[in-house]
Amino acid sequence: MDENIIKRLSDIAMSNDPIDQSLYEKYDVKRGLRHADGRGVLVGLTSIGDAIGYEIDKDDKKVAVPGRLIYRGYNVEDIVHDVEKSHQYGYEQVAYLLLFGQLPTKNQLEEFQELLGRLRALPEYFTEDMIMKAPSSDIMNKIARGVLASYSYDPDPENRDISNILRQCIELTSRFSTLAAYGYQAKRRYYDGKSMYIHNPKPELCTAENFLRLIRSDKQYTPLEAELLDLSLILHAEHGGGNNSSFTIHVVSSADTDTYSAVAAAVGSLKGSRHGGANIRVMEMMDDIKKNVKDWANESEIRNYLVRIASKQAFDRTGLIYGQGHGVYTISDPRATLLRNKASELAKEKGVEEEFHLYNIIERLAPDVLFELHGGKKRICTNVDFYSGFVYSMLGIPRELYTPLFAISRIAGWSAHRIEEIVAGRRIYRPAYKGIAGERRYVPMDQRVENKILQVKQEDNRVPTTGPSD
């Protein structure tokens, strides 16, 4: 395609799209569906999950509280502690809870685990025709394509009965880890020039075990590795209906479309750097810190470099310390706490305790550095992305799989939200946009002249917060 033509057309498009920023305030537009104090605009109800980081007092003011993550009314900390105490893997139990709204009995869980195990293998010829013949440099795109392609392998894809939608959601929940692992192997072969290993999933293994087995050439992993990945899957499975991807599946499902179209839309949302890719930015920042801080135990040296980052003098010069801050949590992110505590065990096993202590120091210092530099009434806390990337790096998982792992976990929550929207929502989302262009007199073709294109300065697309939108 002629680049000059595209450049000229893009200049025309950009010159006609800017909106006076003051108009958003004039018409009281809730940009990003948020109030001025950061609270989300209430657009629905959900019984699936809740992220609690503040309470509203009698004067309608936000009051920060220690963060809590709730799945179907249960505190996720209780779920994690019970899983650890019983020496079990917990993601499948969480998926059952989210989908069906109640904790499974021992027999119910075993039946569900057996069902997921049987469904992990992709349909016949799917791997060859839908993954290997059309590899992608981005695995999230490969997952989305795999989801849409699943429509063609479904004997009843348009049936909107809840029982049929539930079947589709269970199949996708089971197969997401396989789609991601095979998409990664295809990328290795076709884009990275490396060997490709296609292992068959084992029905008796849990999601975490199967994923580690599928991405490794020797298929080997330790119990602690699988336990830590399982914990990460538990913590990312759901976060209330207000995050972008879960809201996306509500919106698309409300239009009465098929399951595969709705889930693929959610995958597309999660792929965005403002949503699912925050832990990659953390890892890039940590690479920079480890390179420029000589003594990883020297708090003064670490603090000075964090000040440089926050002052836009180091790293990417955005002033952001990635992995710090969140749209809901202020005092603490319960997911970060749980992941950090378990990560300490693997750090010992892997011999990277020095690096783990560096993370601990930054977690302690960064909120104070940001508060001292920028002030304001709101203090921030370390979020889950600060430790999740470190965990994945200890597991030897390549960075291009970090966001796909988020999707492998979140498909359970998305599925629950899709079913809830169909059962309880029953009305298509139709928000309002105010037209501000005004009417213009139509100009016949022979009277039109080329208008001078105004040079428009593009706004910085980076998110003005250190935390993810989830």
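Let me start in the middle of the fold: the buried residues of helix H9 pack against four partners, namely helix H4 (91-100), helix H8 (162-190), helix H10 (223-236) and helix H18 (402-425). I should say at once that this is a predicted model, and everything I describe this morning is to be taken in that light.

Staying with H9, which covers residues 207-215, nine of its nine residues are buried, so this helix is largely enclosed by the rest of the structure. The list of buried residues runs through Thr207, Ala208, Glu209, Asn210, Phe211, Leu212, Arg213, Leu214 and Ile215, and you will notice that Glu209 and Arg213 are among them.

That brings me to the nonpolar core. The largest one has 116 residues, and those with the most contacts inside it are Phe176, Phe211, Ile397 and Trp414. The largest share of this core, 11 residues, is contributed by H8. If we take Ile397 and set aside residues up to four places away in sequence, it touches Phe211, Leu212 and Ile215, and also Leu229, Tyr392, Tyr402 and Leu405.

Helix H4, one of the partners of H9, also holds Val94. Is Val94 buried or exposed? With a relative accessible area of 1%, which is under the 20% cut-off, Val94 is buried. Apart from neighbours within four places in sequence, Val94 is in contact with Tyr71, Ile79, Ile234 and Ala237. Between the C-alpha atoms of Val94 and Pro104, which are 10 residues apart along the chain, the separation is 9.1 Å.

Let me turn to the sheet. Three strands form an open sheet in the order E1-E2-E3, with antiparallel pairing. Strand E1 (49-56) and strand E3 (74-75) are the edge strands, each pairing on one side only. As a general reminder, strands of a sheet pair through backbone hydrogen bonds, either parallel or antiparallel. Here, E1 and strand E2, residues 62-71, pair in the antiparallel sense over seven bridges, and Ala51 stands opposite Leu69 in E2.

Two loop residues deserve a closer look when you inspect the backbone. In the loop between E1 and E2 we find Asp60, whose phi is near 65 degrees, a positive value in a residue other than glycine; at 46% relative accessibility, Asp60 counts as partly exposed. The other is Leu33, in the loop between helix H2 (22-26) and E1, where phi is again positive, at about 55 degrees, although the residue is not a glycine. Leu33 is partly exposed, with a relative accessible area of 37%.

On the aromatic side, the structure holds 14 aromatic pairs, and ring pairs link Phe356, Tyr359, Phe386, Tyr387 and Phe390 into a cluster. There are also charges over rings: Arg31 lies over the face of Tyr24, at 3.9 Å from the ring centre, while Lys62 lies over the face of Tyr54, at 4.5 Å from the ring centre.

Finally, the chain as a whole, which has 18 helices and three strands. For 470 residues, a compact globule would have a radius of gyration near 23 Å, and the 24 Å of the protein chain agrees with that. Buried residues make up 47% of the 470 residues, and among contacts between residues at least 6 apart in sequence, 72% join residues at least 24 apart.

Definitions and conventions: Residues numbered from 1 in each chain as written. Predicted model: local features only at pLDDT ≥ 70, side-chain atom pairs only at ≥ 80, totals over all residues. Heavy atoms only, no water. Phe/Tyr/Trp six-rings, centres within 6.5 Å; stacked < 30°, edge-to-face > 60°. Lys NZ or Arg CZ within 6 Å of the ring centre and 35° of its normal. Pairing = 2+ DSSP bridges. Buried < 20%, exposed > 50% of the residue type's maximum accessible area, 1.4 Å probe, protein only. Contact = heavy atoms within 4.5 Å. Core = buried A, V, L, I, M, F, W, Y, C linked by side-chain atoms within 4.5 Å. Rg over C-alpha atoms; globule rule 2.2 N^0.38 Å.
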